[in-house]
Amino acid sequence: MALEGKVAIVTGASGGIGAEMVRVLVGQGAKVVAADLNQAAVDAVAAKYDGSVVGCAADVSKYDDVAAMVDSAVSAFGTFDCIVNNAGINILGAMLLGDDFLSQWEKVTAVNQTGVVNGIVAAAKKLVELGKPGVIINISSVYGSLAAPMTWPYNVSKAAVNMMTKSSALELAPYGIRVVAIAPGRVDTPMLREGKKIGVWEHMRKEQVRDTFTQPSEIAEVVAFLASDASNAINGSTVAAEDGYMAFKFPLVPSEEQAKIEMEKYPDD
Ligand SMILES: NC(=O)c1ccc[n+]([C@@H]2O[C@H](COP(=O)([O-])OP(=O)(O)OC[C@H]3O[C@@H](n4cnc5c(N)ncnc54)[C@H](O)[C@@H]3O)[C@@H](O)[C@H]2O)c1
């Protein structure tokens, strides 16, 4: 198994993608610290794995929590090899001219940017202290490159994650530490399902070239690959795991009903 003997930390581990990361990493032989805000929720994740997973309550926006989380990996399993900075939030509807914009910006930035910085710093310090190589995996998004509407702070936070990844890879390379990111497209989790509340779910589904959303397990498989020595040639990159979403304009879907409306509205001369 590719991750036999490795110890990984996953933040946001009781969420849609994080819980699948824990499952897939354990399946590849890793021991895992499952971290999230709520101790009962991470204990419930850990309870499924018969000693291979321990739960750890940690708020990634607080450095002391994150440093303690990294220490807990070494206490529980004797070493530490990989962190997946996966915890993230989005506030749909956060727009520059909205009344709450500045507080929305602060909330998203605290988790999506400061949370990732905290994870990078605490993990890198521990790896250097242990004198061993390791891998830091940051979860970005296609919105780190696309200016999608209604999610201004989220888009900016994910663009920052992409640059944090490159800059950290450069500084940490002398210590044998790789830093990589994954940019998922649309993954079927509670975060994506928020789109139903504002009526954009079906629109998003139509933009999927294979007419289906990515599954959390599919992102988790990419994490397992990047955590393994098999991906040794990948460093500083943001790996696209978005079903080709960034490569095309979304396909036109011809419809007779829509054609009638358009022919009436815009008749030929
Ligand atoms: N779902 C998607 O379509 C999609 C697409 C691209 C990127 N992503 C990214 O994937 C990651 C996981 O998202 P998801 O879809 O599984 O979302 P999710 O909402 O299901 O899970 C996110 C988890 O992060 C935890 N969390 C939030 N704030 C935290 C904090 N301060 N400290 C620790 N944990 C905290 C939440 O409790 C939750 O369990 C996020 O970084 C997200 O931005 C998701």
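Two residues are in contact if their C-beta atoms, placed from the backbone, lie within 7 Å. By that rule, 69% of the contacts in the chain with a separation of 6 or more are between residues 24 or more positions apart. This is a predicted model, in which local features need pLDDT of at least 70 and side-chain atom pairs count only at pLDDT 80 or more, while totals for chains, interfaces and linings use all residues. Residues are numbered from 1 along each chain as its sequence is written.

**Figure 1. The whole chain, with nine helices and seven strands.**
The radius of gyration, taken over C-alpha atoms, is 20 Å. The globule rule (2.2 Å times the number of residues to the power 0.38) gives 18 Å for 269 residues, and the chain's value is close to that, so the chain is as compact as a globular protein of that length. Along the principal axes, the C-alpha atoms fill a box of roughly 75 × 45 × 40 Å. Helices (H or I, at least four residues) and strands (E, at least two) are DSSP runs, numbered from the N terminus. A residue is called buried if 20 or more other C-beta atoms lie within 10 Å of its own, exposed if 12 or fewer, and partly exposed in between, with C-beta atoms placed from the backbone. Buried residues make up 44% of the 269 residues.

**Figure 2. The shell of residues around the ligand.**
A residue is near the ligand if its C-beta atom, placed from the backbone, lies within 6 Å of that molecule. There are 27 residues around the ligand, and G12, G15, G16, G88 and T189 come nearest. Helices α1 (16-27), α4 (101-130) and α6 (190-197) each supply at least two residues of the shell. By class, the shell has 12 nonpolar, 12 polar and three charged residues. Here Ala, Val, Leu, Ile, Met, Phe, Trp, Tyr, Cys and Pro count as nonpolar, Asp, Glu, Lys and Arg as charged, and the others, Gly among them, as polar.

**Figure 3. The largest nonpolar core.**
A nonpolar core is a set of buried Ala, Val, Leu, Ile, Met, Phe, Trp, Tyr and Cys residues joined through C-beta atoms within 7 Å. The largest one has 73 residues, and V22, L25, A34 and V223 have the most contacts inside it. Helix α4 gives the largest share of this core, eight residues. Leaving aside neighbours within four places in sequence, L25 is in contact with L3, A8, A30, V32, A224 and A227.

**Figure 4. V24 in helix α1.**
V24 is buried, with 23 other C-beta atoms within 10 Å. Not counting residues up to four places away in sequence, V24 touches S217, A220, E221, V223 and A224. M263 is 239 residues from V24 in sequence, and their C-alpha atoms are 51 Å apart.

**Figure 5. Strand β6 (residues 177-184) and its parallel partner β5 (residues 134-139).**
Two strands pair if DSSP finds at least two bridges between them; β5 and β6 are joined by six, in the parallel sense. One of these bridges links I136 to V179 in β6. Eight of the eight residues of β6 are buried, so the strand is largely enclosed by the rest of the structure. I177, V179, A181 and A183 point one way from β6, and R178, V180, I182 and P184 point the other way.

**Figure 6. N235 in the loop between α8 (216-227) and β7 (238-241).**
N235 counts as partly exposed, with 17 C-beta neighbours inside 10 Å. Not counting residues up to four places away in sequence, N235 touches A169, A173, R178, V179 and V180. S140 lies 95 residues from N235 along the chain, and their C-alpha atoms are separated by 15 Å.

**Figure 7. Strands β2 (residues 31-36) and β3 (53-57).**
Five bridges join β2 to β3, and the two strands run parallel. D36 stands opposite A57 in β3. Four of the five residues of β3 are buried, so β3 is largely enclosed by the rest of the structure.

**Figure 8. Two loop residues with positive phi, D50 and D243.**
Most residues other than glycine have a negative phi. Phi of D50 is near 55°, and phi of D243 is also near 55°. D50 is in the loop between α2 (39-46) and β3, and D243 is in the loop between β7 and α9 (256-265). With 8 C-beta neighbours inside 10 Å, D50 counts as exposed. D243 is buried, with 20 other C-beta atoms within 10 Å.
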